[in-house]
Structure formats: C-alpha cells, structure tokens
Amino acid sequence: MSTDSLALLRKNAGQDIAALAEDHLKHDLQDTDRDALKSAASKISTHVTIGSLVGLGLGAFLAFRLRRMRMQMFDALKAKEKPTHVKFADGREEALPDMTPYMRPSTLGDVAAYTFFGFGGLFVGGETGLLTGSASAGRTITRNPESRERIETAFRRFRADVLRKEADSLDTRRGVKEVLGL
C-alpha cells in the first residue's frame, strides 16, 4: 500500500518541480496572492486532518456498535432452546452438533473489525476532508478577482514550464521519473 493512498500522508512532486513552483511564486505573484495561496493550502491541510480524525473516530464507533450487536445476537442465540436431534420419517434419529462455540464472537474478529472500520473511516474522512478543503481553498482564492487572474496566469506559466521541461527530458531520452524527481 502506497502512502499516497491516504490524503493525510500525500506529499508533493519532486524537488525540481517544487523549485520551479517557488520561482513562479516569487516572480509572478504579489504578496497578497502568496498569502491567499498559503491560506488556501493551510485550509486544505486542516480539512484533511480534521476529516481523517473524524473518520477514524467514526470507524471506531461503528466497529464498537458492530461488536456490541454481534454479542447481543450471540447471547440471544445462546439463550434459545435449540434442537439436539433430528427425527427422520423412517424413525431414525440423528444427533445435531452444538454450533454455539463456533458462532461466539472472537478477539480476532474484534481486532479485524476495529482495523478495517478504522482504516475505512480514515480513508473516507480524509478524502472527504480533501474535497471540502479544496472547495474552501477555491473560495479563498477566487474571492478577489484580480488576485485570481494573477494566480491563474502564474499557474498557466508554471504548467507550461513543467511541460517544456518534460519535453526536453523526453528529447534527451531521460525517463519521466527523473524529470518529475520521483
């Protein structure tokens, strides 16, 4: 499993790309634009962290509820009177095995439930936080129309530089992984 699977643990691209982005931040944007971008980035990070924690808590809560429900079902099944023999039409009688010990909730099942529900909640919460954080960051950036225009122009120039750099590396037959710094 890659660490990129969880929104909380994702990292940015290679060092060359980061240096290129920093260069565009310094030369193409004003201080207010940089502040807006930093605010937007911190909003995304905050939303992802909060979403991951809420998702982890929700997963643990659901695992606890599932465990309690399994115990209640087992106790109800255990209290019921169960048949011990089956009588066939020809008069023959066969004993039925007691399946109660095999249906008892186990520690291994509890560990699996808490693990899978926890990871599932972490994933869903983190991705939901990423979506809500992205929406909030987008509103932060688009609040000022002039700033938004400068940021979009800087981003287009940055993308063009990245594509030029990738094309140059492909012309020199270097791999894409080397270009992106991966």
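## Elements and overall fold

Helices here are DSSP runs of H or I with at least four residues, numbered from the N terminus. By that reading, Ala21 belongs to helix H1, which covers residues 15-28. The model is a predicted one, and the protein in it has 6 helices and 2 strands, arranged from the N terminus in the order α-α-β-β-α-α-α-α.

Of the 182 residues of the protein, 21% count as buried, and the protein exposes about 13200 Å², of which carbon and sulfur atoms supply 61%. When contacts between residues at least 6 apart in sequence are considered, 74% of them join residues that are at least 24 apart.

## Helix H1 beside helix H5

Several residue pairs bring together parts of the chain that are far separated in sequence. Arg157 sits in helix H5, which spans residues 145-171, and the C-alpha atom of Arg157 is 8.0 Å from that of His24, although the two positions lie 133 residues apart along the chain. Once neighbours within four places in sequence are set aside, Arg157 is in contact with His24 and Asp28. Arg157 has a relative accessible area of 45% and is therefore partly exposed.

Ala21, in helix H1, is also placed against this part of the model, since its C-alpha atom and that of Arg157 are 9.8 Å apart in space while the residues are 136 apart in sequence. With a relative accessible area of 25%, Ala21 is partly exposed. Lys165, another residue of helix H5, has its C-alpha atom 9.4 Å from that of Ile17, and these two residues are 148 apart in sequence. The relative accessible area of Lys165 is 28%, so this residue too counts as partly exposed.

## The aromatic pair in helix H5

The structure holds 1 aromatic pair. The rings of Phe155 and Phe158 have centres 6.4 Å apart and planes at 40°, and the pair is therefore described as tilted, because planes count as stacked under 30 degrees and as edge-to-face over 60.

Both phenylalanines lie in helix H5, where Phe155 and Phe158 are 3 residues apart, about one turn of the helix. Their accessibility falls into two classes: Phe155, at 46% relative accessibility, counts as partly exposed, whereas Phe158, at 16%, counts as buried, the cut-off for buried being under 20% relative accessible area.

## Asp110 in helix H4

Asp110 is found in helix H4, which takes in residues 107-142. Leaving out residues up to four places away in sequence, Asp110 touches Arg67 and Arg70. The relative accessible area of Asp110 is 12%, and because this is under the cut-off of 20%, the residue is classed as buried.

## The second largest pocket

About 170 Å³ of space lies in the second largest pocket. Its lining is made up of Leu77, Lys82, Pro83, Thr84, Leu96, Pro97, Asp98, Met99, Thr100 and Met103. Sorted by class, the lining of this pocket has 6 nonpolar, 2 polar and 2 charged residues; Lys82 and Asp98 are the charged members, and Thr84 and Thr100 the polar ones.

Terms used
Residues are numbered from 1 along each chain as its sequence is written. This is a predicted model: local features need pLDDT of at least 70, side-chain atom pairs count only at pLDDT 80 or more; totals for chains, interfaces and linings use all residues. Side-chain values use heavy atoms; hydrogens and water are left out. On a 1 Å grid over the protein atoms alone, a cavity is a set of points where a 1.4 Å probe fits but cannot get out, and a pocket is an open set with protein on both sides within 12 Å along at least five of seven lines; lining residues have an atom within 4 Å of a point. Grid points are joined across faces, edges and corners, and a volume is the space filled by probe spheres set on the points. Buried means under 20% relative accessible area, exposed over 50%, partly exposed in between (1.4 Å probe, protein chains only). Contact means heavy atoms within 4.5 Å. Accessible areas come from the Shrake-Rupley method with a 1.4 Å probe; for residues, only the protein chains shown count as cover. Rings of Phe, Tyr and Trp (its six-membered ring) pair if their centres lie within 6.5 Å; planes under 30 degrees apart count as stacked, over 60 as edge-to-face and the rest as tilted.
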